[in-house]
Amino acid sequence: MYMKKCEQKFKIVSDKVPKGDQPKAIASIVEGLEDGLRTQVIEGVTGSGKTFTMASIIEKVQRPTIVIAHNKTLAAQLCNEFRELFPNNAVNYFVSYYDYYQPEAYIVSSDTYIEKELSINDEIDKLRHSATCSLFERRDCLIVASVSCIYGLGEPSEYHQMAISLRPDMEISREEVITRLVANQFKRNDIDFIRGTFRVRGDSLDIFPAQNSEVCLRVEFFGDIIERICEVEAISGKVISTLEHVAIYPATHYVVGSDKLEKCLKNIEDDMVAEVEAFKSQGKILEAERLRQRTSYDIEMLREMGYTTGIENYSRYFDGRKPGEKPYTLLDYFPDDYLMFIDESHITIPQIRAMYNGDRARKDNLVGYGFRLKSAYDNRPLTFSEFESKIGQLVCVSATPGPYETEHSDNTAELIIRPTGLLDPIVDVKPTKNQIDDLIGEVNKTIEGGGRVLVTTLTKKMAENLSEYLTEHGIKTTYLHSEIKTMERIEVLDKLRSGETDVVVGINLLREGLDLPEVELVCILDADKEGFLRSSGALIQTIGRAARNSKGRVIMYADNITGNMKKAIDDTARRRSLQQEYNKKHGITPKTIVKQIKNTLQITSKTDSTKKMTDAELEEFVADLRVQMDMAVKDLNFEKAIELRDSINALTKHKKPQGKK
């Protein structure tokens, strides 16, 4: 984590070996990569081992890799799977860190300005910092990302150059290190010691890196010489290890050195003056004054604090980019020879293509009415052509490749045979009359047999109502929707797998890539309603959710069989026939995949290190918490005080009774 560039190799640690179509597909893609092919496709049915195939390719080519998925839930599942396959390598998770995000906007018709509102998930922010740090520290780095990887991020060389490199016996004063920490957006806090902060205790300087929340750094000084650098437990203060070198990266991805800051502020001010004059020349006095006031405030905040709300709107100045020039993104943090996989590419690629125009349309009003400088346009996602220019070599992975993959592919490898012998599910079509009563009967029958159920609907309202209705009938049901926080979505699916929940109802969140071997039944309501969610590709993907269970079944509720339904049913039957022939030839009896329920994404360990403390250490720690609680009460931060009080009450239970051993 704090060492020099690691030369460790990607190495799969698993009893699995390539089977079925996998050896041929792996060899084909690797050969294409070695021959310099720009775009290749892996066309693989659900359960054919696409993730293991990708991992095998990565192991053979030994290059830093990014795997892009179209939503956070799928990205989380992929990251967990890759971490199990590559336990000794740097497998990271990079998605949008917002649990809630209301972008800044201006509605002209009602003259309404909407301030940016957001809720940042601290856990995901750590994972993002861990990902970018890993790319600077080692070659065996694999990052699973959502499409947020095409959004602007701080300039990578500046981020890397701002890292503070410290070694024992190094001549540097404690004050100089503190100054550099502040420049890197670290804050001093001697009471509430959390990540992104530092504290001073005598000749020691404790630093909480942005990418961790359990382990902090202690730098011990003797005069102006660093005497020792240690990793210590944040809660107990116990020394874990001593370090010969540490690189402390900035607490935010938007950071600029003090030598460049004044120049950047001068450029911002010059552009503000020019744009204000342009508004005045058009007779837009209100817009001119609004822009002058807002930008002047931001400049003052940047000069005094080094940060301001909406700093990303000035990223072009900090990055040294010209107007219209593409922003730096996560892709710029990778070395030139990196490899890209796009999972479920038929969905992910159109999503990447659509990002730029939506962002531009929102900012037209903000810039046109004086809420932001024109530089706000340059805080944006990549256009699709810019994204393509960042691709060195690409492998698209999908059961139903889209037009882009078909047009650009230089080589296609098929994964039709499942090594497990599992068959595509049997698909039944039932009338919509009394469909809910029939659904309840089918669900209860499946639950009695120990299986789980997914139900897909067309609208959010119907999904909510159905979830409530099933719950009223004694069925443990959860509704999975877009408003559920990222880490909670993972928990919802884990509860389904473990049996805490028997049914999950959703709209389109259940289609691509979710690996749920316990799901025995998939029910598709309104299957004959034509549209995006009932296209042949969407239906094939939905059917595939039941293909990881030997008892897998799919029920489509429809009054007529549409062309999309027929294609999906026919393709499923064809693949089922091919798998049956393979199983008969090799003597394979299909068995449901047995897969451990494990979430490796929590960078914050839940281990209670207070249990390792002696009574004296525990008393000292509790006393420190009491001081923090009193400070919180004085600051009228009663929620924080209550949390600390509860922590104190829980910790005092560890204390041994007097006279007992």
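Is Val 627 buried, exposed or partly exposed? Val 627 is partly exposed, with a relative accessible area of 43%. The model shown in these views is predicted.

**View 1. Val 627 belongs to a nonpolar surface patch.** Helix α18, residues 615-634, carries Val 627. The patch joins Val 627 with Ile 191 and Met 631. Together the three residues have about 220 Å² of accessible area. Val 627 itself has a relative accessible area of 43%, which lies between the 20% and 50% cut-offs and so counts as partly exposed.

**View 2. A salt bridge links helices α9 and α7.** Arg 316 pairs with Asp 271. Their closest N and O atoms are 3.9 Å apart. Arg 316 lies in α9 (residues 315-319) and Asp 271 in α7 (residues 258-281), so the bridge ties together parts that are 45 residues apart in sequence. The two partners are covered to unlike degrees: Arg 316 is buried at 8% relative accessibility, whereas Asp 271 is partly exposed at 26%. In the structure as a whole there are 31 salt bridges.

**View 3. Glu 289 and Arg 292 form a salt bridge within helix α8.** The closest N and O atoms of this pair are 2.5 Å apart. Both residues sit in α8 (residues 285-305). They are three residues apart, about one turn of the helix. Glu 289 is partly exposed, with a relative accessible area of 32%. Arg 292 is also partly exposed, at 36%.

**View 4. Helix α8 has a buried side and an exposed side.** The helix has 21 residues. From first C-alpha to last, α8 reaches 30 Å, close to the 30 Å expected at 1.5 Å a residue. Its buried residues are Glu 287, Ala 288, Arg 290, Leu 291, Thr 295, Asp 298, Ile 299 and Leu 302. These residues cover an arc of only 165° around the axis, which puts them on the same side of α8. On the other side, Ile 285, Leu 286, Tyr 297, Glu 304 and Met 305 are exposed.

**View 5. Lys 363 and Asp 359 form a buried salt bridge in helix α10.** The closest N and O atoms are 3.2 Å apart. Both residues lie in α10 (residues 345-368). Four residues separate them in numbering, about one turn of the helix. Lys 363 is buried at 3% relative accessibility. Asp 359 is buried too, with a relative accessible area of 10%.

**View 6. Five charged residues form one salt-bridge network.** The members are Lys 430, Asp 438, Glu 442, Lys 445 and Arg 553. Salt bridges that share partners join them. Side chains of opposite charge can pair when their charged atoms come close.

**View 7. Cys 79 and Cys 149 are buried.** Cys 79 has 0% relative accessibility. Cys 149 has 1%. How many disulfides does the structure hold? The count is zero. A disulfide is a covalent bond between the sulfur atoms of two cysteines.

Notes: Residues are numbered from 1 along each chain as its sequence is written. This is a predicted model: local features need pLDDT of at least 70, side-chain atom pairs count only at pLDDT 80 or more; totals for chains, interfaces and linings use all residues. Side-chain values use heavy atoms; hydrogens and water are left out. A salt bridge is a side-chain nitrogen of Lys or Arg within 4 Å of a carboxyl oxygen of Asp or Glu. Helices (H or I, at least four residues) and strands (E, at least two) are DSSP runs, numbered from the N terminus. Buried means under 20% relative accessible area, exposed over 50%, partly exposed in between (1.4 Å probe, protein chains only). A disulfide is a pair of cysteine sulfur atoms within 2.5 Å. Patches are made of residues with over 30% relative accessible area and no salt bridge: like charges are joined within 9 Å, nonpolar side chains (Val, Leu, Ile, Met, Phe, Trp, Tyr) within 5 Å. Accessible areas come from the Shrake-Rupley method with a 1.4 Å probe; for residues, only the protein chains shown count as cover. The expected span of a helix is 1.5 Å times one less than its number of residues. The arc is that of the directions from the helix axis to the C-beta atoms.
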